[in-house]
Amino acid sequence: MRKLCYFVQTVPNTEENASHSATGLEHYRRVLEKKIEEVRAGLSARRASEVVLRLDEPLDFGDWCQKSHDEWLFMNQNRLELALLRNLEAALVRLASGAYGTCQSCHRAICEKRLEAVPWAEFCVRCEEQAASAAAGEA
Ligand SMILES: [Zn+2]
């Protein structure tokens, strides 16, 4: 009974949340956790290959250039994946707080199709497009 009260408190039954059932949220939680595992596995595999690269010595100047270029690539890829990891973890936090599936800008429900494609989506398609066109305008 105590558990049920907790659930009602953390997931307010507003119209915004009505379209995302408890089973639907459980589904997205599994999707998010699986994705986090995948990204983490990819990151540690890449770290391992970086260590292997460092053991390759001695290096002449040309090798150093290639090496630093490779490291730059690794860092860039890691940065994208670390950003994705942060997004995924933020989505899990929203899931726990009951904000998941609700646009953080206009507070409308994010449609299921979008959540299936981008389970960590923070904004609805409309707000995302508005932000994108605003960013494009500034650039
Ligand atoms: Zn929105």
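1. Helix 6 is hardly covered: in this predicted model, zero of its 14 residues count as buried. The helix takes in residues 125-138 and reaches 20 Å from its first C-alpha to its last, close to the 20 Å expected at 1.5 Å a residue. If you are scrolling through the structure, this stretch is a handy place to begin.

2. Now for the overall make-up. The chain holds six helices and zero strands, and its pattern along the sequence reads α-α-α-α-α-α.

3. How much of the chain counts as buried? Of the 139 residues, the figure is 12%. As for contacts with a separation of 6 or more, 64% of them join residues 24 or more positions apart.

4. The largest nonpolar core is worth a look on screen. It has 12 residues. Leucine appears in it as Leu32, Leu88, Leu95 and Leu115, alongside Ile110. The aromatic members are Tyr28, Tyr100 and Trp120, while Ala91, Ala121, Cys103 and Cys124 complete the set.

5. Which helices supply at least two residues each to this core? They are helix 3 (22-55) and helix 4 (61-97). Helix 4 gives the most, with three residues.

6. Ala91 is a good residue to click on within that core. Leaving aside residues up to four places away in sequence, Ala91 touches Leu32, Tyr100, Pro119 and Trp120. Among these partners, Leu32, Tyr100 and Trp120 also belong to the largest nonpolar core.

Methods. Residues numbered from 1 in each chain as written. Predicted model: local features only at pLDDT ≥ 70, side-chain atom pairs only at ≥ 80, totals over all residues. Helix = DSSP H or I, 4+ residues; strand = E, 2+ residues; numbered from the N terminus. Buried ≥ 20, exposed ≤ 12 C-beta atoms within 10 Å, placed from the backbone. Contact = placed C-beta atoms within 7 Å. Core = buried A, V, L, I, M, F, W, Y, C linked by C-beta atoms within 7 Å. Expected span 1.5 Å × (residues − 1).
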